[in-house]
Amino acid sequence: MTRADFDAYCATLTATTHVIQWGNASVWKVGGKIFAVCSSWGEGASDAIAFKCSELSYKILTELDNVVPAPYLARASWVQVRGGAPLSDEDLRAHIAEAHRIVAAKLTRALRSELGLQGS
């Protein structure tokens, strides 16, 4: 999944906001809370996608090649998917949508209602 594809998909999710921060990282939030990031740090580094996941998904995903605990966020069950990981774009979209759902579910009931996330 390219960064453009990542950004386009995240933009389709309910009540998301987008900022560029941390050295040109594409950061996606719901209710002010981050659920996914696409970044490339270091010279020659390629884009990598990081997202929040359940503890079980974290354990399963980090067993795959080129899927690692996300720098700075691993203790909160975040993974980083690097080039060559055995995940299709469809798989990544499903994981990103689940990250959005997990983070949205932790927002207050009032904020979820305000953002149109009542089913979250």
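This section describes the packing of two helices, a salt bridge, two residues with unusual backbone angles and the surroundings of three further residues in a predicted model.

Helix 1, which spans residues 3-12, packs with helix 3, which spans residues 89-105, at an angle of about 40°, and the axes of these helices are 11 Å apart. Helix 1 is therefore oblique to helix 3, and the crossing of helix 1 and helix 3 is right-handed. On the side of helix 1 the contact is made by Asp5, Phe6, Tyr9 and Cys10, and these meet Asp89, Arg93, Ile96 and Ala97 of helix 3. Sorted by class, the residues in the contact of helix 1 with helix 3 are five nonpolar and three charged, with no polar residue.

Arg93, one of the residues of helix 3 in this contact, is partly exposed, with a relative accessible area of 33%. When residues up to four places away in sequence are not counted, Arg93 touches Met1 and Tyr9; Tyr9 belongs to helix 1 and is listed among the residues of helix 1 that meet helix 3. Between Arg93 and Gly31, which are 62 residues apart in sequence, the distance from C-alpha to C-alpha is 20 Å.

Helix 3 also holds Glu98 and Arg101, and these two residues form a salt bridge in which the closest N and O atoms are 2.8 Å apart. Side chains of opposite charge can pair when their charged atoms come close. The structure holds one salt bridge. Because Glu98 and Arg101 are three residues apart in helix 3, about one helical turn separates them. Both partners count as partly exposed, Glu98 at 32% relative accessibility and Arg101 at 40%.

The backbone angles of two residues call for separate mention. Most residues other than glycine have a negative phi. In Ala15, however, phi is positive, with a value near 60°, and Ala15 is placed in the loop between helix 1 and strand 1, the latter covering residues 16-21. With a relative accessible area of 27%, Ala15 is partly exposed. Tyr72, which is likewise not a glycine, has a positive phi of about 70°. The loop that contains Tyr72 runs between strand 5 (67-69) and strand 6 (78-81), and Tyr72 is exposed there, with a relative accessible area of 78%.

Ser77 is also found in the loop between strand 5 and strand 6, but Ser77 is buried, since its relative accessible area is 11% and the limit for a buried residue is under 20%. If its neighbours within four places in sequence are left aside, Ser77 is in contact with Phe51, Lys52, Cys53, Ser54, Glu55 and Tyr58. Of these residues, Glu55 and Tyr58 fall within helix 2, which covers residues 55-61.

The loop between helix 2 and strand 5 contains Asn66, which counts as partly exposed at 36% relative accessibility. Not counting residues up to four places away in sequence, Asn66 touches Gln80, Val81, Arg82, Gly83, Gly84 and Ala85; among them, Gln80 and Val81 lie in strand 6, which covers residues 78-81. Asn66 and His100 are 34 residues apart in sequence, and their C-alpha atoms are 22 Å apart in space.

Key. Residues numbered from 1 in each chain as written. Predicted model: local features only at pLDDT ≥ 70, side-chain atom pairs only at ≥ 80, totals over all residues. Heavy atoms only, no water. Axes fitted to C-alpha atoms, helices over the stretch in contact; angles between N-to-C directions. Helix = DSSP H or I, 4+ residues; strand = E, 2+ residues; numbered from the N terminus. Parallel < 35°, antiparallel > 145°, perpendicular 65-115°, else oblique. Left-handed = near helix turned anticlockwise from the far one by under 90°. Contact = heavy atoms within 4.5 Å. Nonpolar A, V, L, I, M, F, W, Y, C, P; charged D, E, K, R; others polar. Salt bridge = Lys/Arg side-chain N within 4 Å of Asp/Glu carboxyl O. Buried < 20%, exposed > 50% of the residue type's maximum accessible area, 1.4 Å probe, protein only.
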